[in-house]
Every structure is written in C-alpha cells, then in structure tokens.
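Visitor: I have a new structure to look at, and I'd like some help reading it. Could you walk me through a few features?

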Amino acid sequence: MVDRALRPLFPEDYHADTFVTISLISADKESTPDALAGLAASAALAVSDIPFNGPISEVRVARVNGQLVVNPTASQMKEADMDIIVAASMDNIMMVEGEMKEVSEAELLEAMKVAHEAIKIQCKAQIELAEAVKKIKREYSHEENDEELRDKVWKETYDKAYAVAKKANPNKHERINDFRTVVEEFVEANYADVDAADIPLDLIKRYYHDVEKEAVRAMMLDNNIRLDGRKMDEIRPIWCEIDYLPGPHGSAVFTRGETQSLTTVTLGTKMDEKLIDDVLNRTTDRFLLHYNFPPFSTNDAKPYRGTGRREIGHGNLALRALKPMLPEETPYVIRVVSDILESNGSSSMATVCAGTLALMDAGIQIKRPVSGIAMGLISDAKTGKYVVLSDILGDEDHLGDMDFKVTGTEKGITATQMDIKVEGLSYEILEKALNQAREGRLHILGKITETISEPRAELKPHAPRIETVRIPKEMIGAIIGPGGKIIQEIQATTSTIVTVTEEGQFGIVSVAADNKEAIDKAMARINAITAIPEIGKVYSGKVKSIVPFGAFVEIIPGKDGLLHISEIDWKRVEKTEDVLKEGEIIDVKLIEIDAKSGKLKLSRKVLLPREEKQ
C-alpha cells in the first residue's frame with residue numbers, strides 16, 4: 001500500500017535505486033501500525049535529498065456504529081462495517097484499499113473525503129518538518145537523450161500509431177503486432193543501410209512508447225472509441241460455466257473478453273486452518289484464497305517463480321471481496337484457488353466472479369453473489385476532457401490514469417482498490433467512476449445468476465461432511481485420552497477426522513468424513529464417552545475383567561460398573577467365568593450409583609425372564 005502511493009510521485013526521469021525501509025520498532029495492541037507506515041515513509045523522503053513530488057500520507061477510516069472514525073483502535077475495528085486505508089497528497093487521492101459490508105457508492109466517497117481531510121494535516125506537518133531541516137534535493141542526470149531523434153520519431157510515427165488505435169481491433173495480439181510494425185517501418189525507412197549495432201534502438205523504442213501512449217489517449221478522447229471498439233461503459237463478452245472439473249468440491253470458469261479464471265473450491269476441516277501470526281495478531285483463518293498468475297496467461301516465455309507482489313495483492317483483494325458474503329456459521333475451512341489461464345485486464349475481478357460461481361457450485365450458502373469490475377480513466381489536464389472506462393483492458397490500464405477496482409453485491413460494495421496515476425482527480429470523476437462501476441457490476445451479476453442463481457442446496461457427493469457437537473469442557477480430556485490415544489483410535493476405526501476445540505465453558509467436537517455412516521459411527525463413540533450414566537438405563541457393555549465376586553463391565557468408554565455375581569442370573573452362579581468371558585458384549589442395567597464414591601452397580605438378571613430362576 002505504501003509503494004503504490006509513493007511510486008507515482010518520483011520524477012519520471014529519476015532512475016536511481018531507492019529503498020524505503022519501514023521498521024515496526026514498538027507497538028501496542030490498540031494502535032494499528034499499518035495506517036502509519038505511509039506517513040513514516042513520506043516523512044523520511046521529505047527530510048532526505050531524494051527528489052520526490054510529495055509529501056503524502058495515509059490514514060485508516062472505519063465506520064463504527066454509524067460514525068466515520070479516523071485511525072480507529074483495534075477494539076473499535078471489531079464493531080466496524082467499513083475499513084479502508086486512503087493515501088493522498090495535499091491535493092489528490094492517490095490510493096484506496098479496503099473492505100466493507102455492502103456500503104453504497106456515496107458512503108464510500110464520503111469516507112474518502114474524511115480521510116483526505118486528516119491526511120492534509122499530516123502533509124502540512126511534513127512540509128513544516130522539511131522546511132525546518134532545509135535539506136537540498138540532489139541533482140541527477142539519469143538519461144541521455146537525442147532531441148532530434150525524439151522529434152523525428154514523433155513526426156513519423158504518431159499518425160500511424162493513432163490509425164492503429166482507431167482501427168479498434170478486439171484481438172490483443174494482432175493489435176500489439178500492428179503497433180510493433182509502426183516501429184519496424186520507422187527503423188526500415190531510416191536505418192536500412194546502417195549496421196544493426198549502430199541503430200539507437202533503445203532510444204527509438206523509448207520515444208515510441210510515449211508516442212503510442214499519447215496517440216491512444218488522444219484517439220479515445222477525440223472519438224469516444226476504445227482500443228477494442230467498445231463504448232466507454234461497455235463490458236466485454238462474458239461466458240461462464242460451473243461444475244467444470246470433477247475432482248474439486250466446487251469449480252467454475254469465468255471468461256470476460258480475453259481474461260479467464262479457472263477457480264476451484266475445496267472444503268476442509270479445522271486441521272486445514274491457516275495460522276495467522278503477525279506482529280500484533282495471532283489467530284487462525286478459515287477462509288483462504290490463492291491467486292495464481294502463470295506467465296503463459298500473457299504469452300510470456302519465462303519461469304514461474306511462485307508468489308509475488310501481484311499474487312499477494314490480487315488474491316487479498318478477491319478474498320476481501322468474497323469474505324463478507326460467507327455464511328456466519330460453517331464447520332468448513334474453505335479454500336478458493338484461482339488459476340488465470342489468459343489475461344488481458346482485470347484478472348483479480350475475474351477471480352471474484354469465478355470465486356462466486358465456484359462457491360455456489362460447492363453448495364456454500366453465501367448470502368448474495370459478488371461481482372467485480374475494473375474501471376479506468378483517460379484525461380487531459382489541458383483541455384479538461386476525460387472519459388471513464390468500464391472493464392479496462394491491459395493496455396488501458398498501462399496507458400491510463402486510474403485503475404479503480406470495485407466489487408460488490410446488488411446491495412452494495414464489499415471491497416475496493418484504487419491507484420491514481422495523475423494529479424488533479426476530482427471527486428466528481430470519482431463519483432462518476434463509482435456509479436458507472438455499479439452499472440457494470442450489476443450487468444456482470446446478471447451473467448453470473450444466469451449460470452447459477454443460488455447456491456446448491458446440498459454439497460456434492462464427494463465433498464466431506466462435517467457434524468459438530470458441544471460437550472462440557474471437563475469432557476474434552478476423556479475424548480482425547482492419554483497421549484491422544486482415544487481420539488486416534490476413534491479416527492482409525494471409523495475413517496473420520498475428529499477435532500476438538502475449547503470455546504468458553506464448552507468443547508466443540510467436529511467429525512468429518514466423506515460419508516454419513518462413518519460420521520454416525522464416530523458420533524456414537526463420542527456420545528458414549530460424554531454420556532452421563534443414568535440409573536435405570538440399559539447399556540450394551542463389554543466385560544473388561546472377571547473377579548471372584550463378579551465382573552467389571554465397561555458401559556461407557558472409560559466408565560466401568562460392577563456386575564456382582566449375584567446380579568448375573570436369577571439362578572445361583574458358582575463361578576463368574578462359567579457364564580461370562582472377558583471381551584464379551586452383554587446387556588446390563590444400571591441399578592445404582594454410590595452417592596459417595598460414584599461407583600456404578602449393574603444388573604444382568606433384571607433383563608432376563610424371571611421364570612429362568614430355578
């Protein structure tokens with residue numbers, strides 16, 4: 001979040017490696033440090049000799065009991081239904097990141113305004129600090145330029161690049177090739193007789209990049225036409241399908257234009273929970289979302305190095321978008337995995353849409369479907385003209401002035417992420433972008449609900465079943481047993497996964513298996529262990545040991561009662577072993593519980609016909 005606010009404010013021609021290191025030296029449990037990191041980073045730059053068009057600062061805004069609070073405490077955050085972090089300079093919003101419980105566009109905009117007013121105070125303090133330090137910014141010269149060549153590239157390629165943009169080709173790769181041809185034709189026309197080693201190709205490509213950017217932006221402002229021929233508020237064609245893969249517990253493919261996510265849902269037990277262990281918080285998370293962006297999705301030939309900034313940021317955004325719509329109570333740990341198979345803009349929003357479909361396909365009873373859309377902006381500060389773009393392409397993100405992702409349900413926004421690349425973005429433009437995003441989100445929601453209108457009523461046959469039971473806290477040890485012996489034996493003999501957690505004065509026992517018969521067997525064992533012996537109740541027990549005066553019978557796991565020799569049969573029994581054997585299962589009735597010792601007294605004969613007495 002800090003990087004995204006700082007990066008646009010370094011001069012374009014400043015290329016020195018620059019490290020901003022933020023260290024949390026000390027913290028208390030009520031003050032959330034993440035909202036202070038941007039202020040610390042900007043203040044360090046303000047008193048350095050590094051060129052920087054700041055200052056900026058960041059604050060968290062939460063809505064607590066209906067009131068907007070700047071930098072709330074951790075205790076207040078527990079009651080919040082909106083949590084956003086906003087970065088801004090004195091004049092402009094730079095970055096927004098947050099999650100919320102279905103708020104309106106107007107409510108989000110109001111929170112951003114409240115944040116900006118607080119940020120202005122922090123920026124003013126940094127300006128005063130820099131004036132007091134009086135540090136002179138360094139001089140630098142990182143680029144060698146050929147102004148004559150720059151002018152030549154502009155004159156000979158601008159009209160051609162403009163024409164390629166205006167052709168409005170919806171095919172990404174053909175469009176890239178057409179733009180590349182403009183450069184190749186320039187080189188061929190001017191350097192046909194020059195050795196390849198002597199052609200200033202790097203400079204030509206750098207200058208042409210600026211030409212292409214300006215030509216595309218001007219074409220869109222002049223003609224109100226986008227690179228792929230769409231209207232400014234038009235969404236690319238969408239197709240989606242659920243139950244796409246047979247193995248996962250839920251799956252879906254969502255395709256919008258040339259962006260596609262294949263998303264799976266897997267249901268697990270408490271043993272699959274993610275451990276959260278950060279500076280101020282140690283807990284577990286029952287909802288996991290992983291986003292994978294392999295190089296082949298953008299036709300790149302390079303190794304896949306695993307999780308990076310993109311995977312973390314996009315995955316976290318999609319997780320926050322979906323999490324508020326999960327059911328309040330679910331025994332499952334839910335893992336969503338989005339694999340991006342093709343990408344041309346807004347793969348994180350495709351993840352949200354595919355995630356919604358896959359969750360409903362899995363039978364997770366989400367409250368409402370969630371969709372997401374990425375908005376863009378092309379603006380001209382000189383003329384004041386601007387256009388807001390719905391469902392942006394990768395090129396429109398790269399060449400544009402804003403990347404504003406909004407997710408939500410039909411009732412309101414659940415998450416947002418915004419990066420601004422220009423100065424002077426008005427609240428009027430932000431309001432238009434939010435309202436246009438709502439129209440796009442609702443259109444996409446319509447496509448989602450056409451595919452599946454509500455979650456499946458039942459889990460798929462191969463999904464794990466989980467049942468839970470609440471037991472007295474003092475019974476937890478009886479279920480686990482010494483060294484885990486009893487719980488391990490239950491799992492081994494019933495082919496289930498049994499977990500026990502402590503919750504207040506109770507223990508919560510969860511039993512998971514892929515069939516109900518196994519769960520019923522395990523539950524019977526657990527109920528037997530936790531059962532309280534009742535006088536007059538008949539039990540099916542195992543003869544544990546035989547003694548001269550009778551036998552000890554286990555009627556509940558871990559609870560033995562004495563079956564006295566006189567209670568074995570109506571007729572006289574000389575030796576217990578003449579009638580019973582160790583390990584034999586017999587029916588007995590609990591006839592007495594000693595008030596002092598708690599010992600159990602059993603009878604077998606009361607269950608036998610009286611006429612057997614001789």
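Guide: Sure, and keep in mind that this is a predicted model. Let's start with burial: a residue counts as buried when its relative accessible area is under 20%. Aspartate 361 has 0% relative accessibility, so aspartate 361 is buried.

Visitor: Which residue forms a salt bridge with aspartate 361?

Guide: That's lysine 460, with the closest N and O atoms 2.7 Å apart. Lysine 460 sits in the loop between H11 and E16, while aspartate 361 belongs to helix H9 (residues 347-362), so this pair ties together parts 99 residues apart in sequence. Lysine 460 counts as buried too, because its relative accessibility is 8%.

Visitor: How many salt bridges does the structure hold?

Guide: There are 43. Another one links the side chains of glutamate 97 and arginine 4, at 2.7 Å from N to O. Since glutamate 97 is in strand E4 (residues 93-103) and arginine 4 is in helix H1 (residues 2-6), the pair connects parts that are 93 residues apart in sequence. Glutamate 97 and arginine 4 are both buried.

Visitor: And aspartate 243 with arginine 456: how far apart are their closest N and O atoms?

Guide: They're 3.9 Å apart, and the two residues form a salt bridge. Aspartate 243 lies in the loop between strand E5 (238-242) and strand E6 (250-256), and arginine 456 in the loop between helix H11 (427-451) and strand E16 (465-472), so the bridge ties together parts 213 residues apart in sequence. As for exposure, aspartate 243 is partly exposed at 42% relative accessibility, and arginine 456 is partly exposed at 30%.

Visitor: Now for pockets. How do I go about finding empty space?

Guide: You roll a probe the size of a water molecule over the atoms, and that shows where empty space is left. Here, the second largest pocket has a volume of about 320 Å³. It has 15 lining residues, and the closest to its centre are Arg525, Lys544, Glu554, Pro557 and Gly558.

Visitor: Which element gives the most to that lining?

Guide: E19 does, with 4 residues. By class, the lining of the second largest pocket has 6 nonpolar, 3 polar and 6 charged residues.

Visitor: One last feature: which residues form a nonpolar patch on the surface?

Guide: Val538, Ile591, Val606 and Leu607 do, with about 280 Å² of accessible area together. Take isoleucine 591, found in strand E22 (residues 585-593). Its relative accessible area is 36%, so isoleucine 591 is partly exposed.

Terms used
Residues numbered from 1 in each chain as written. Predicted model: local features only at pLDDT ≥ 70, side-chain atom pairs only at ≥ 80, totals over all residues. Heavy atoms only, no water. Patch = residues over 30% accessible without salt bridge, like charges linked within 9 Å, V, L, I, M, F, W, Y side chains within 5 Å. Areas by Shrake-Rupley, 256 points an atom, 1.4 Å probe, with all protein chains shown as cover. Salt bridge = Lys/Arg side-chain N within 4 Å of Asp/Glu carboxyl O. Helix = DSSP H or I, 4+ residues; strand = E, 2+ residues; numbered from the N terminus. Buried < 20%, exposed > 50% of the residue type's maximum accessible area, 1.4 Å probe, protein only. 1 Å grid on protein atoms, 1.4 Å probe; cavity = no way out; pocket = protein on both sides within 12 Å on 5 of 7 lines; lining within 4 Å. Points joined across faces, edges and corners; volume = space filled by probe spheres on them. Nonpolar A, V, L, I, M, F, W, Y, C, P; charged D, E, K, R; others polar.
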